[in-house]
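This report looks at pairs of charged side chains and at how much of each residue is open to the surroundings. Please view the model alongside the text.

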Amino acid sequence: MKNGKGSLIKFPILAISALAFLLPLSANADQNCDSPNNDFDGLYCLTKVYIEADKELNNSYGQLMKRLNKSQSSLLKRGQLAWIKQRDNNCSRYEDDSFYVNMACATRTTTERVNFLNDRLRECQAGSCRDSRLGE
């Protein structure tokens, strides 16, 4: 980002939603993620990476849920909801009429959660699902 404010992106939530639909239209930004031309190109690049991390998260969560019984699924769901709340508290905020998201924080946090879920999946595949870890 050229504005020197790091990756804390100031953008109303509706604009972020609209941006998701415009991502395919920004071919110029697609080619310049090493050195974005402006903050919008930078946001595009950061958002692309976050979207991929979120896809991985949903895939890992779904794969793990398939291996769990009802009680274990409930534990994992509670843990996932708590994680979402923590991610939102750590990586976003409301200020006045705006919603701010730190995309680097959201991506890093999501990637860490993917790794956590994949570790639990490997444990279950090995026949040693540990209920105590599912609620984390």
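## Salt bridges in the model

In this predicted model, there are six salt bridges. Side chains of opposite charge can pair when their charged atoms come close. Three of the pairs are described below, including two within helix α5.

## Arg93 and Glu95

Arg93 and Glu95 form a salt bridge, and their closest N and O atoms are 3.2 Å apart. This distance meets the cut-off because a salt bridge requires the nitrogen to be within 4 Å of the oxygen.

Glu95 has a relative accessibility of 34% and counts as partly exposed. Arg93, at 32%, is also partly exposed.

## Asp119 and Arg122

A salt bridge joins the side chains of Asp119 and Arg122, with an N to O distance of 2.3 Å. Both residues belong to helix α5, which covers residues 103-125. They are three residues apart, or about one turn of the helix.

Are these residues buried or partly exposed? Arg122 is partly exposed, with 48% relative accessibility. Asp119 is partly exposed as well, at 33%.

## Arg120 and Glu123

Arg120 and Glu123 also pair through their side chains, and the N to O distance in this salt bridge is 2.8 Å. In helix α5 these two residues are three positions apart, so about one helical turn separates them.

Arg120 has a relative accessibility of 4% and is buried. Glu123 has a relative accessible area of 15%, and it counts as buried because the value is under 20%.

Definitions and conventions
Residues are numbered from 1 along each chain as its sequence is written. This is a predicted model: local features need pLDDT of at least 70, side-chain atom pairs count only at pLDDT 80 or more; totals for chains, interfaces and linings use all residues. Side-chain values use heavy atoms; hydrogens and water are left out. Buried means under 20% relative accessible area, exposed over 50%, partly exposed in between (1.4 Å probe, protein chains only). Helices (H or I, at least four residues) and strands (E, at least two) are DSSP runs, numbered from the N terminus.
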